[in-house]
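Let's take a walk through this fold together. Have the model open and ready to rotate as you read.

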Amino acid sequence: GDRVNLSKNQQTSCGRNMPKVEEIIGRIEDVVTGPDGRKMVRFHGIFLDIPSIKTAQVVQKDLNNIEINLIAENKLKTKEENLIFSRIISQLGNINVVLNYVNEIPSGPNGKFKSVISQINTNHG
């Protein structure tokens, strides 16, 4: 079996090897808008210091509801989940946040993974 130790090799002991996050920062994503009109563009900060998370996608359903699709090594501890909630709420105000643990996150129509998706129709006003 040449698949032994594969996951071991991919994990760096120091946090410097984080191409996923760099990738997210370098891209222009949808903007998420809070109930009071505040906007949030940068999301990588929400997931800082939560090592279990491999990939995360933020989906805004409407002004009051955000869902986060997480691919994680292990289910997050309650305090880690609460950290995500409080970070989002501090940026956007009193918004409802739901975490979904998923095995994969589908790519968008162009085959690219979007880390932030807004499903709000911005032309309704």
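A good place to start is where β4 and β5 run side by side: these two strands pair in the parallel sense, over six bridges. Within that pairing, Ile68 stands opposite Leu99 of β5. Keep both residues in mind, as they come back below. One caveat before going further: this is a predicted model.

Now zoom out to the sheet. The strands β5-β4-β3-β6, in that order, make up an open sheet of four with mixed pairing. Its edges are β5 and β6 (116-118), and each has a single partner strand, so one side of each lacks a neighbour in the sheet. From one strand to the next, the twist averages 20°.

What lies across the sheet strands β3, β4 and β5? That's α3, which runs at about 145° to β5. As for the chain as a whole, there are three helices and six strands, and along the sequence they come in the pattern α-α-β-β-β-β-α-β-β.

Next, look at the nonpolar residues. The largest nonpolar core has 20 residues, and Phe47, Ile68, Ile84 and Ile88 are the ones that touch the most other members. Two or more residues of this core come from each of β3 (53-62), β4 (65-72), α3 (78-92) and β5 (96-101). Ile84 is worth a closer look: setting aside residues up to four places away in sequence, it touches Ile46, Phe47, Ile50, Ile53, Ile68, Leu76 and Leu99. So here are Ile68 and Leu99 again, both in contact with Ile84.

Then there's a polar residue to check out, Gln60, which sits in strand β3. Is Gln60 buried or exposed? Its relative accessible area is 0%, and because buried means under 20%, Gln60 counts as buried. A polar atom of its side chain lies 3.1 Å from the backbone oxygen of Asp62. Leaving out neighbours within four places in sequence, the contacts of Gln60 include Val31, Val32 and Thr33, along with Asn65, Ile66 and Ile95. Gln60 is also in contact with Ile117, Ser118, Gln119 and Ile120.

Finally, some totals for the chain. Of its 125 residues, 31% count as buried. Among contacts with a separation of 6 or more, 64% are between residues 24 or more positions apart. The accessible surface comes to about 8500 Å², with 49% of that belonging to carbon and sulfur atoms.

Note on methods. Residues numbered from 1 in each chain as written. Predicted model: local features only at pLDDT ≥ 70, side-chain atom pairs only at ≥ 80, totals over all residues. Heavy atoms only, no water. Buried < 20%, exposed > 50% of the residue type's maximum accessible area, 1.4 Å probe, protein only. Contact = heavy atoms within 4.5 Å. Areas by Shrake-Rupley, 256 points an atom, 1.4 Å probe, with all protein chains shown as cover. Core = buried A, V, L, I, M, F, W, Y, C linked by side-chain atoms within 4.5 Å. Polar contact = N/O pair within 3.5 Å; in protein donor to acceptor, adjacent residues only side chain to side chain. Pairing = 2+ DSSP bridges. Axes fitted to C-alpha atoms, helices over the stretch in contact; angles between N-to-C directions.
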